Amino acid sequence: MNDADLWLIFIVIGLATTLPRASFIVLGNRVSLPGTVQRALRYAPAAALAAIVAPDLLVVGGQLAPLNAKLAAGLAAAASALRWRNPWLPFIVGMAVLHALRAWSG
Amino acid sequence: MSATATSPFLAGARAGFAVFLPFSVGLVPWALVMGMAMRSAGFSPVEAMGMNLIVFAGTAQLGTLPLIVAGAPLWLIFFTALALNLRFVIFSAALAPAFRGVGPAARWLSGHLLTDGVFAACADGLQKADDARWRLGYYLAPSLWSWLLWQAFTLLGVHAAAVVPKSWSLEFMATIALIVLLVPMSRVRPMLVAALVGGGAATLLRGMPLKLGAVVAIVLGIAAGFLAENLEHRSQRR
């Protein structure tokens, strides 16, 4: 990847962030979003997050691998986030499971 | 208000800061992970902090990182970032009435600084005050504080990453961070449906050309969540 491209990517992500955030604050009450659209948009973050995370946990070397260290570590992190409030714990638990399983399987 | 009292902007700033302060601790692990994840993705410290200053959004930064590493096309990176940020359109619409009487420059700055944490902590209090200057202070103080904490702890993470060996797979912390964001969302059933369909479709369609699978998966996930919500409403009405 070329360095100028990387900065262009940052600017594009910056636009995709600041424009939605500023949208109605800048436009004020001149425009409003239909209720149906608002309700549908609420599902965008969950769908997008899962679309990024799931392939990372389920695919190893291009193949579906339902049993692998990353999936186990991800599930352990999710379980600790569900069970406890401590913001550090999912990272500690997830990384510990990942390294334990990798050490164990060689 | 009398002339001897502090300015309404400062009074609002003090109130907003006090409301937000306990929430701000939650930013610290995020910012540290963000800094380390950007370094594991191969960014130089300058590039990492550059991204942090330009974007200022944990979810959008962490979410697009794997796409940047994989060399995904620019439009896909844009689309994914937009999908991750669409919730802000709703937050922005909810906060808009509180910005009546505020100039365009302050509105752009406020928009750029909008975060989940400040919205969650301050949306309620913002609607209650009559003075536009008080409201602006109430919003900007916690927002600027979040910005400062975020930049400072990301910088710390960027430097911490340099002393950690590569075999520790720190980049996996970015995946864990995304999982941690997903968990509270998935407590609501239609949201869980959106995540399962989005994640499942992205996995199955990963072979589509131009990484189109991710876009199709996100659209399918949104549709599935919306459908599940409507089905749930209908069954409740019976």
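These are my notebook entries on a predicted model with chains A and B, mostly about chain B.

**Entry 1: chain B overall**

I started with the secondary structure of chain B, which comes to twelve helices and zero strands. Read from the N terminus, the order is therefore just α after α. The C-alpha trace of chain B spans about 65 × 60 × 30 Å along its principal axes. I looked up burial next: 52% of the 238 residues in chain B are buried. For contacts in chain B with a separation of 6 or more, I noted that 77% are between residues 24 or more positions apart.

**Entry 2: where the chains meet**

How many residues of chain B are in contact with chain A? I got 81 residues of chain B, set against 67 residues of chain A. The area buried between the two chains is about 6500 Å², and carbon and sulfur atoms give 79% of that. The salt bridge count between chain B and chain A is two.

**Entry 3: salt bridges**

Over all chains, the structure holds seven salt bridges. I took the Glu229(B) and Arg42(A) pair up straight away: Glu229(B) sits in helix α12 of chain B and Arg42(A) in the loop between α2 (35-41) and α3 of chain A, so this pair joins two chains. Their closest N and O atoms are 3.0 Å apart. Is each partner buried or partly exposed? Glu229(B) is buried because its relative accessible area is 5%, under the 20% limit. Arg42(A), at 38%, counts as partly exposed.

Then I moved to a pair within chain B. The side chains of Arg87(B) and Asp116(B) meet in a salt bridge at 2.6 Å, N to O. Arg87(B) belongs to helix α6 and Asp116(B) to helix α8, so the bridge ties together parts that are 29 residues apart in sequence. Arg87(B) counts as buried at 12% relative accessibility, while Asp116(B) is partly exposed at 32%.

Another one within chain B is Arg189(B) with Glu232(B), where the closest N and O atoms are 3.8 Å apart. Arg189(B) is in helix α11 (residues 189-204) and Glu232(B) in helix α12, so here the parts tied together are 43 residues apart in sequence. Arg189(B) is exposed at 60% relative accessibility, and Glu232(B) is partly exposed at 25%. I also checked for shared partners: Arg39(A), Arg42(A) and Glu229(B) are joined into one network.

**Entry 4: the largest pocket**

I put the largest pocket at a volume of about 1100 Å³. It has 33 lining residues, and those nearest its centre are Gly26(B), Trp30(B), Asp116(B), Gly117(B) and Leu181(B). Asp116(B) is familiar from the salt bridge with Arg87(B). Elements of both chains supply at least two lining residues each, including α5 (89-105) of chain A and α1 (8-24), α2 (27-40) and α9 (132-161) of chain B. Which helix gives the most to this lining? That is α10(B), with five residues. By class I wrote down 21 nonpolar, seven polar and five charged residues.

**Entry 5: the second largest pocket**

The second largest pocket has a volume of about 730 Å³. I found 32 residues lining it, with Ile52(A), Asp56(A), Pro66(B), Leu67(B) and Ala70(B) nearest its centre. Elements giving two or more residues to this lining are α3 (44-58) of chain A together with α2, α4, α5 (74-85), α10 and α12 (212-237) of chain B. The largest share is from α4(B), with six residues. The classes here are 20 nonpolar, six polar and six charged.

**Entry 6: two residues at the ends of α3(B)**

I looked up Pro45(B), which is in helix α3 (residues 45-55) of chain B. Pro45(B) is partly exposed, with a relative accessible area of 34%. Leaving aside residues up to four places away in sequence, Pro45(B) touches Arg39(B) and Val158(B). I also took one long distance: the C-alpha atoms of Pro45(B) and Val188(B), 143 residues apart along the chain, are separated by 38 Å.

Phe56(B) is in the loop between α3 and α4 of chain B. I noted its phi near 50 degrees, a positive value in a residue other than glycine. Is Phe56(B) buried or exposed? Phe56(B) is buried, at a relative accessible area of 4%.

Conventions
Residues numbered from 1 in each chain as written. Chains lettered and ligands numbered in written order. Predicted model: local features only at pLDDT ≥ 70, side-chain atom pairs only at ≥ 80, totals over all residues. Heavy atoms only, no water. Helix = DSSP H or I, 4+ residues; strand = E, 2+ residues; numbered from the N terminus. Buried < 20%, exposed > 50% of the residue type's maximum accessible area, 1.4 Å probe, protein only. Contact = heavy atoms within 4.5 Å. 1 Å grid on protein atoms, 1.4 Å probe; cavity = no way out; pocket = protein on both sides within 12 Å on 5 of 7 lines; lining within 4 Å. Points joined across faces, edges and corners; volume = space filled by probe spheres on them. Nonpolar A, V, L, I, M, F, W, Y, C, P; charged D, E, K, R; others polar. Buried area = accessible area lost by both parts, 1.4 Å probe. Salt bridge = Lys/Arg side-chain N within 4 Å of Asp/Glu carboxyl O.
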